[in-house]
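Reader: Could you take a close look at one part for me, the core, and then work outward from there? I run calculations for a living, so please give me the cut-offs as you go.

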Amino acid sequence: MQKKILFVLFMFLLVVNVNAGHENYYFRILANSNQEVDIDRMYEVKDDILNTYTSITKGFSQMDIDVAITDNLKDFSGKDYRISYYNGEIKIVIGKGAGKEISGELKQNYCEEVKVKKTKFFLLSWLGL
């Protein structure tokens with residue numbers, strides 16, 4: 001009976017994989033109000049955020065993007081909005097943040113759509129293989 005339990009546990013360790021970091025990063029922008037001027041400003045901020053993200057993360061691997069964002073968070077900031085970053089999401093609140101909201105995925109290259117999922121096998125890494 002103990003051999004069966006150990007065998008099942010061993011097989012479980014072989015099969016279980018661990019996700020290595022965030023796969024996707026997102027942004028969420030809240031406009032000051034629903035007026036046309038504020039909505040236009042929201043889209044300007046969106047363009048700035050996308051351009052800043054692309055320039056900051058250029059050349060970084062998927063594992064290092066978290067560090068790149070947190071180290072350069074001041075580069076995302078603007079005079080009329082507040083910015084925060086938590087768990088793979090950049091949140092921007094313009095003014096009071098009482099208006100419409102847009103959100104989306106941040107990508108390093110918007111022309112390329114390659115899904116690479118980094119995983120590692122727990123037991124193999126434990127054994128040093």
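Author: Let's start right in the middle. The largest nonpolar core holds 23 residues, and those with the most contacts inside it are Ile-29, Ile-49, Ile-69, Phe-76, Ile-90, Ile-92 and Leu-106. A nonpolar core here is a set of buried Ala, Val, Leu, Ile, Met, Phe, Trp, Tyr and Cys residues joined through side-chain atoms within 4.5 Å. Buried means under 20% relative accessible area, exposed means over 50%, and partly exposed is in between, with a 1.4 Å probe and protein chains only.

Before you go further, a word on where this comes from. This is a predicted model, in which local features need pLDDT of at least 70 and side-chain atom pairs count only at pLDDT 80 or more, while totals for chains, interfaces and linings use all residues. Residues are numbered from 1 along each chain as its sequence is written, and side-chain values use heavy atoms, with hydrogens and water left out.

Back to that core. Strands E2 (25-30), E3 (81-86), E4 (89-94) and E5 (101-106), along with helices H2 (36-57) and H3 (65-71), each supply at least two of its residues. H2 is the top contributor, giving seven residues. The labels are DSSP runs numbered from the N terminus: helices are H or I with at least four residues, strands are E with at least two. Pick Ile-92 to see how things are packed: leaving out residues up to four places away in sequence, Ile-92 touches Arg-28, Ile-29, Leu-30, Val-45, Ile-49, Tyr-81, Arg-82 and Ile-83. A contact means heavy atoms within 4.5 Å.

Now the sheet. Four strands make an open sheet in the order E3-E4-E2-E5, with mixed pairing; two strands pair if DSSP finds at least two bridges between them. E3 and E5 are the edge strands with a single partner each, so one side of each has no neighbour in the sheet. From one strand to the next the twist averages 15 degrees. H2 packs on this sheet and touches E2, E3, E4 and E5, its direction making about 15 degrees with that of E5. For those angles, axes are lines fitted to C-alpha atoms (for helices over the stretch in contact), and the values run from 0 to 180 degrees between N-to-C directions.

Edge strand E3 shows the alternation nicely. Tyr-81, Ile-83 and Tyr-85 point to one face and are buried, whereas Arg-82, Ser-84 and Tyr-86 point to the other and are not. E3 pairs with E4 in the antiparallel sense over six bridges, and Tyr-86 stands opposite Glu-89 in E4. Their hairpin has two residues between the strands, and Asn-87 takes a positive phi near 50 degrees there.

At the other edge, E5 contains Glu-105, which is partly exposed at a relative accessible area of 30%. Glu-105 and Asn-24 are 81 residues apart in sequence, yet 6.9 Å apart in space, C-alpha to C-alpha.

Next, the charges around all this. A salt bridge is a side-chain nitrogen of Lys or Arg within 4 Å of a carboxyl oxygen of Asp or Glu, and by that rule there are three. One joins the side chains of Arg-28 and Glu-89, at 3.5 Å from N to O. Arg-28 sits in E2 and Glu-89 in E4, so this pair ties together parts 61 residues apart in sequence. Both ends are partly exposed: Arg-28 has a relative accessible area of 24%, and Glu-89 has 27%.

Arg-41, Glu-44 and Asp-80 are linked in a network of salt bridges. Arg-41 and Glu-44 both lie in H2, three residues apart, about one turn of the helix, and their closest N and O atoms are 3.4 Å apart. For Arg-41 and Asp-80 the corresponding distance is 2.8 Å. Asp-80 lies in the loop between helix H4 (73-76) and E3, so its pairing with Arg-41 in H2 ties together parts 39 residues apart in sequence.

Zooming out, the protein has five helices and six strands, running α-β-β-α-α-α-β-β-β-β-α from the N terminus. Buried residues make up 26% of the 129 residues. Among contacts between residues at least 6 apart in sequence, 71% join residues at least 24 apart.
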